[in-house]
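Student: Could we go through the aromatic contacts and one helix packing in this structure?

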Amino acid sequence: MVNLTINGIAVSAPEGTTIKDAAQMAGIYVPSLCYFKDLNEIGACRVCVVEVEGESRLVPSCNTPVQEGMVVRTNSPRVREARRTNVELILSQHDCHCPTCVRSGNCSLQTIANDLGIVENPYETELPKGVFAQWNKDFPLIRDSKKCIKCMRCVQVCDKIQSLNIWDVTGTGGRTTVDVSLNRLINEADCSLCGQCITHCPVGALRERDDTDRVREALADPDVVTVVQIAPAVRTAWGEGLGLTHEQATVERLAASLRRVGFDYVFDTVFSADLTIMEEGTEFLERFKSGELKEFPMFTSCCPGWVRFMKSQYPEYTKFLSTSKSPQQMFGATTKTWFAQKIGVDPKKIFCLSVMPCTAKKSECDLPTMVNEAYGKDVDLVLTVREVDRLIRSENIKPAELPEEPCDSPLGEGTGAGVIFGATGGVMEAALRSAYFLVTGKNPDADAFKDVRGCEGWREATFDMAGIPVRCAVASGLGNTRRLMEALKAGKVHYDFVEIMACPGGCSGGGGQPIQDGKEMAYVRGEILYGLDKLANVRFSHENTAVQALYNEYMEKPLSHRAEELLHTDHFGWSLPLAPGKKA
């Protein structure tokens, strides 16, 4: 242990601890902009500088280790003056139109500037030119170079965690900014649209395309029937942006809020998560029994960020993806066929909206393979959780004051297996629960496959399926995914079934979730989903009575001709830019 004094308080910290972390142990807050523990500790913003007795210069607390007998002052007049100057210089190259920024009220730069009492800037504003005017505003990911503070977080998370290297520093001196690497436009890059760069940006330089106005247009059209689905992981996070506790932010209270917004039907994507299990689980068993998986495993296909990664980084293995559509798309197809038939409405008059914890879903719903000649797009539009929170606020709805209301039937019924889709390993676990039933005719213990749960970025387990070992792997985060794929290619590992989620921790940590700057919330939210599964009355997808009714009345059985037509897709029916050096 190292003993030091911070602001007159005696502190003991393990050797190697940074001043910033040591201060935090003592309950002393040191502001910062670029710092993100274990990801970005480069001291670029110089906002976290502190004064160390005996040192002539101020030092960045985020990467300066503590030393025995060190005396530190984190908020002396000298520190405060330097911190204020550094923030003023950052603001001189920042678009400060805060009221029109999506991060207003949840922006670290705005908070620190307010805390420092900056009410005017003595420096002339020189906004970087960048290429924002050339940015494709139809692309699901939007970048505004005028708001970039060069903190490098987006570069680091894309390089270190997601291994895609989409962002890089361009320009020099006062013209330095961050832009798409290799002098590419964003739509020419092999971006997975995971959105991790958005959730790690401390300001509003990165955001999703805002589609809330298109939703309002649909809601205002009296001839349109508006249907909204709520993804499993949304229930763990939607209240964070509205100041609700986890206990208040139930899916039933979100359903009540969305009805107040004006939607005709509010459904739960947990229904189509269960439906996905029936299709994907049956598909896996057929491929497994045929011997097709001896060469390479079958991969889940419910995460569009992962599918984009596979098609751009490892296109030669695309054929091993499950052909099952994601729960989002299965929901849309079911809504515009079976449900439209049940309520006697022309499916072309149904506007199907998804509330998703994901930015890649915005791209998925626009794929040419997700369009049907009879009714058009499966899903018409996707909003992230952040957009839905803004939509609710704009309607002056106070969710905490609303009574809980259940989702509508029949597409609002779900099981615990469908709920855990939002956590890494959840799809695998849910699929194995029902696969076991399909093979043996009886249910396993609901927690028999919990070995696929965990925080490790790449996990593996082998399960006995009626005397046959089934080798499984789960990975979340595209850097972990790349390691797994390279190991498979080299023959170092062998699996039968693999679940991949593009975002670390799965959908709970998705790029469309509320932003809590400096915090990784995926596993905290994931535990909530597992808790809801534990409390569920029904924990097996094949026991979902609404899914059973769908098959009895319309789809006949998993992998039937109609199911193949509506619930499965051709991953070769669309293309996107390949990674540098890759060939189709």
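Tutor: What follows covers ring pairs, charges over rings and one helix contact. This is a predicted model, in which local features need pLDDT of at least 70 and side-chain atom pairs count only at pLDDT 80 or more, while totals for chains, interfaces and linings use all residues. Residues are numbered from 1 along each chain as its sequence is written, and side-chain values use heavy atoms, with hydrogens and water left out.

Student: How many aromatic pairs are there in the whole structure?

Tutor: The search finds 16 aromatic pairs, where rings of Phe, Tyr and Trp (its six-membered ring) pair if their centres lie within 6.5 Å. One of them joins F284 and F497, at 4.5 Å centre to centre with 15° between the planes, and is stacked (planes under 30 degrees apart; over 60 is edge-to-face and the rest tilted).

Student: Are F284 and F497 buried or exposed?

Tutor: F284 counts as buried because its relative accessibility is 2%, and F497 is buried at 1% (buried is under 20% relative accessible area, exposed over 50%, partly exposed in between, with a 1.4 Å probe and protein chains only).

Student: Which rings form a cluster?

Tutor: Ring pairs link F296, F299, W306, F309, Y314, Y317 and F320.

Student: New topic: which charge lies over Y314?

Tutor: K582 lies over the face of Y314, 4.9 Å from the ring centre, and the charged end of R562 sits over the ring of Y554, 4.0 Å from its centre (NZ of Lys or CZ of Arg within 6 Å of the ring centre and within 35 degrees of the ring normal).
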